[in-house]
Amino acid sequence: MLSKFQFLKISATFFAPTPPKRSSFHQIVTFRAKLGSLMGSASYTTSSKLLFRQLFEKESSTYTYLLADVSHPDKPALLVDPVDKTVDRDVSLVKELGLKLIYAINTHVHADHVTGTGLLKSKAPGVKSIISKASQAKADLFVEPGDKICFGDLFLEVRATPGHTQGCVTYVTGDGPDQPQPRMAFTGDALLIRGCGRTDFQGGSSDQLYDSVHSQASTVGEEMQYNARLTKDKETFKNIMANLNLSYPKMIDMAVPANMVCGLQDVEAKVAS
């Protein structure tokens, strides 16, 4: 089974143990919603502006990311792809670090876990949920390609990367002299280390996924060179994806309906019990 790993530097590996190759364009660290063995001790970092924490939920092997502008007086923060089972941990960490959580954002409508955005909104007043407009899911705020999600003086750029699901987006840290370097890209399940997300449900399309990844070629140089699937031509790639013969996702029937409503369906069930 592929390691759903979201912690690869696309042109140079952020915390990886081996020296990476540099892209001719610029450095970008890529984070996918599932991480694997390269994680090592790379669970957190803090620059003069950006605080970053990588958090793990073992049942679904999902990684959640906490980012904050610690140079801003309010220390505004956001969570990328939170999971319902680890919301208490996330809220506690935010408090311990003295941060103000303002956004809980999803890269797409997940099929392998229930999002924590609904629970976060109930436990951290003022938090707004964010997801792409193309996902057709519910949230407080909807984003489209080219939008910016600002937290303090930092921001994430929104890039459309459909294919794993119809509404997948990638969030990329800002470019500019006042933004942290190297840049980071949170790709959801669109791109995995030496692999990619499946495309056989939720409006997935191997044709779209191929184009999504190849359109980011300047920032995903390592995967473009070594990824056994994505180094193929499009027709070969589509044939590979059509013949993966993967099992039906065990959480999909519960996770997708809940995630289409910001995880609130699951929240209501827990409250009722």
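The legends below describe close-up views of a predicted model.

**Figure 1. Overview of the predicted protein.** The chain has 273 residues, and 56% of these count as buried. Its secondary structure consists of seven helices and 13 strands. When contacts between residues at least 6 apart in sequence are considered, 62% join residues at least 24 apart. A search of the whole structure gives eight salt bridges, four aromatic pairs and zero disulfides. The views that follow show examples of these features.

**Figure 2. A salt bridge joins Lys121 and Asp140.** The two side chains meet with a distance of 2.7 Å from N to O. Lys121 belongs to helix H2, which covers residues 117-123, whereas Asp140 lies in the loop between strand E8 (128-132) and strand E9 (141-143), so the salt bridge ties together parts that are 19 residues apart in sequence. Both ends of the bridge can be described by their accessibility. Lys121 is partly exposed, at a relative accessible area of 28%. Asp140 is also partly exposed, with a value of 34%.

**Figure 3. Salt bridges link Glu157, Arg159, Asp175 and Arg183 into one network.** The side chains of Glu157 and Arg159 form one of the salt bridges, at 3.5 Å from N to O. Glu157 and Arg159 are both buried. Another salt bridge connects Arg183 with Asp175, and here the closest N and O atoms are 3.8 Å apart. The two partners differ in their surroundings: Arg183 is buried, with a relative accessible area of 3%, whereas Asp175 is partly exposed, with a relative accessible area of 47%. The four residues belong to one network through salt bridges that share partners.

**Figure 4. Strands E4 and E5 form an antiparallel pair.** The pairing of E4 and E5 extends over eight bridges. Strand E4 is largely enclosed by the rest of the structure, because seven of its eight residues are buried. Within the pairing, Glu57 stands opposite Thr62 of E5. Four residues lie between the strands of this hairpin, and Ser61 takes a positive phi near 55°.

**Figure 5. The rings of Phe52 and Tyr65 are stacked.** A pair of aromatic rings is described by the distance of the centres and the angle of the planes. For Phe52 and Tyr65, the centres are 5.7 Å apart and the angle between the planes is 15°. Phe52 is part of strand E4 (residues 50-57) and Tyr65 is part of strand E5 (residues 62-69), so the aromatic pair links parts of the chain that are 13 residues apart. Both Phe52 and Tyr65 are buried. Together with Phe186, these two residues form one aromatic cluster.

**Figure 6. The rings of Phe56 and Tyr63 form a tilted pair.** The ring centres are separated by 4.6 Å and the planes meet at 45°, so the pair counts as tilted. Phe56 is partly exposed, at 35% relative accessibility. Tyr63, by contrast, is buried, at 4% relative accessibility.

**Figure 7. The charged end of Lys148 sits over the ring of Phe155.** The distance from this charged end to the centre of the Phe155 ring is 4.5 Å.

**Figure 8. Cys150 and Cys262 are shown in a structure without disulfides.** A disulfide is a covalent bond between the sulfur atoms of two cysteines. The structure holds zero disulfides. Cys150 is partly exposed, with a relative accessible area of 43%. Cys262 counts as buried, at 6% relative accessibility.

**Figure 9. Met251 lies in the loop between helices H5 and H6.** Helix H5 spans 234-242 and helix H6 spans 252-259. Met251 is buried because its relative accessible area of 17% is under the 20% cut-off. Apart from its neighbours within four places in sequence, Met251 is in contact with Ala111, Asp112, His113 and Val114. Met251 and Val114 are 137 residues apart along the chain, and 8.5 Å separates their C-alpha atoms.

Definitions and conventions: Residues numbered from 1 in each chain as written. Predicted model: local features only at pLDDT ≥ 70, side-chain atom pairs only at ≥ 80, totals over all residues. Heavy atoms only, no water. Helix = DSSP H or I, 4+ residues; strand = E, 2+ residues; numbered from the N terminus. Buried < 20%, exposed > 50% of the residue type's maximum accessible area, 1.4 Å probe, protein only. Disulfide = S-S within 2.5 Å. Phe/Tyr/Trp six-rings, centres within 6.5 Å; stacked < 30°, edge-to-face > 60°. Lys NZ or Arg CZ within 6 Å of the ring centre and 35° of its normal. Pairing = 2+ DSSP bridges. Contact = heavy atoms within 4.5 Å.
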